[in-house]
Amino acid sequence: MSGSAPSRFRHHPLHGWLGLLARLGLGGVFLGACAYKIWDPHEFGLSIATYEIMPLSLINLMAVCLPWVELIIGLTFIAGLWTRASALAINGMLLMFIVALFIALSRDMQLSCGCFASQEAADEIGMHTVIRDFGMLLPGLYVMIFDDGRVGVDGWLRNRRARAS
Amino acid sequence: MRVLLRWLGQAVLLTAVSSLLGLLVNAVRADGLPLVAKRPYEIYTDCPELIAQAKPMAATDAAGILGAVQVIDARGIEAFAAGHAPGAISVPYSALAPPGKEQIEPLRAFGPGRILVVGDTELDSGQLLAADLATAGLTGVRYVDGGFPAWQEAGLPVEGAP
């Protein structure tokens, strides 16, 4: 293998498999998170409203769209299709959740996270929720930097194109 | 840079297609939401896990936030008349009659985390009223640990004193 040591490290074949693990874990979390939101958008709308950040006129739009963004991008992320773009979107969503949590905590609000279940679930937000979301950023960033989807649809498409040419 | 822009473009496209799918599904499902909420969500409902979760605060710490909070005095009317925190609103605590809607609603206007309750120590009325307010749906309610005696000991301002 040629190239400098950092370049060799960045393109090490092991990243493909570690990236797959990261994608399965983090993508699975997103698929799990979107389930109740798709099943009951009104309940998710209530969760959004409870944070008192979004204007009322945008709450339903977000409650309708965000769960499907989590679902589709969770699937493309796991499948390794547009891997880096999916990782970028996943990290963007995580950052958005972290900002919302910070705002709620800075206002000393006591509410359920609404991340994986409705407001009725005993999942009160706190610094542990922020740390959890920051922890989920790590696999997302790893995939963005090191995983080009070689163990996934991206890799399969690249190989097919290479064989064809 | 060009690569980043390509990822960003793909991410935006994925988001747009997913959102469109969400809108389509919402349009055909029986329990779909109106895209703009017609009335506010009722977020101030009793949640069992959230009842009575007002937080205590040391009187010495209260000094730093006095300008940013509305003080609610939970003591009796006579004690309030004898001296209270500047600008405090009197809402005497009663175990038999929790604060009514006419008392709660004006307090919502102060916003989350802006209510500080001061009571007396014998009844612990500050803590009890703060719990009532939290149960009624006000978020981030705090109370002064040790009540008005601790307030005075900390040298915090008092008005209306003879």
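Confidence in this predicted model varies from one element of chain A to another: helix α1 (residues 5-10) of chain A comes out with the lowest mean pLDDT, 80, while helix α4 (residues 56-79) of chain A has the highest, 96. Taken as a whole, chain A has a mean pLDDT of 90, with 95% of its residues at 70 or more. Where pLDDT is low, it's best not to read the predicted coordinates in detail.

Helix α4 of chain A turns up again in the largest nonpolar core, which has 40 residues. α4(A) is the top contributor there, giving 12 residues. At least two residues each also come from α2 (14-39), α3 (41-50), α5 (83-106) and α6 (127-146) of chain A, and from α1 (2-28) of chain B. In other words, both chains have a hand in this core. The members that touch the most other members are Ile73(A), Ala89(A), Ile90(A) and Leu14(B). Take Ile73(A): setting aside its neighbours within four places in sequence, Ile73(A) is in contact with Ser86(A), Ala89(A) and Ile90(A) in its own chain, plus Leu14(B) and Ser18(B) from across in chain B. A separate core of 26 residues lies apart from this one, and its members include Ala130(B), Ala131(B), Leu138(B) and Val141(B).

Next up is α2(A), a helix of 26 residues. From first C-alpha to last, α2(A) reaches 38 Å, close to the 38 Å expected at 1.5 Å a residue. Its buried residues are a mixed bunch: among them are Leu20(A), Leu26(A) and Phe30(A), but also His15(A), Arg23(A) and Lys37(A). Gly19(A), Gly27(A) and Cys34(A) are buried in α2(A) too. The cover over these buried residues includes α3, α4, α5 and α6 of chain A.

As for how the two chains meet, 29 residues of chain B are in contact with 35 residues of chain A. On the chain B side, that contact surface is made up of 18 nonpolar residues, 10 polar ones and just one charged residue.

Chain B also holds an open sheet of five strands, paired in parallel and ordered β1-β5-β4-β2-β3. The edge places go to β1 (55-58) and β3 (89-90) of chain B; each has a single partner strand, so one side of each is left without a neighbour in the sheet. For β1(B), the strand alongside is β5 (residues 142-145) of chain B, joined to β1(B) by four bridges and running parallel to it. Within this pairing, Ala58(B) stands opposite Asp145(B) of β5(B).

Terms used. Residues numbered from 1 in each chain as written. Chains lettered and ligands numbered in written order. Predicted model: local features only at pLDDT ≥ 70, side-chain atom pairs only at ≥ 80, totals over all residues. pLDDT = per-residue confidence, 0-100. Core = buried A, V, L, I, M, F, W, Y, C linked by C-beta atoms within 7 Å. Buried ≥ 20, exposed ≤ 12 C-beta atoms within 10 Å, placed from the backbone. Contact = placed C-beta atoms within 7 Å. Expected span 1.5 Å × (residues − 1). Nonpolar A, V, L, I, M, F, W, Y, C, P; charged D, E, K, R; others polar. Pairing = 2+ DSSP bridges.
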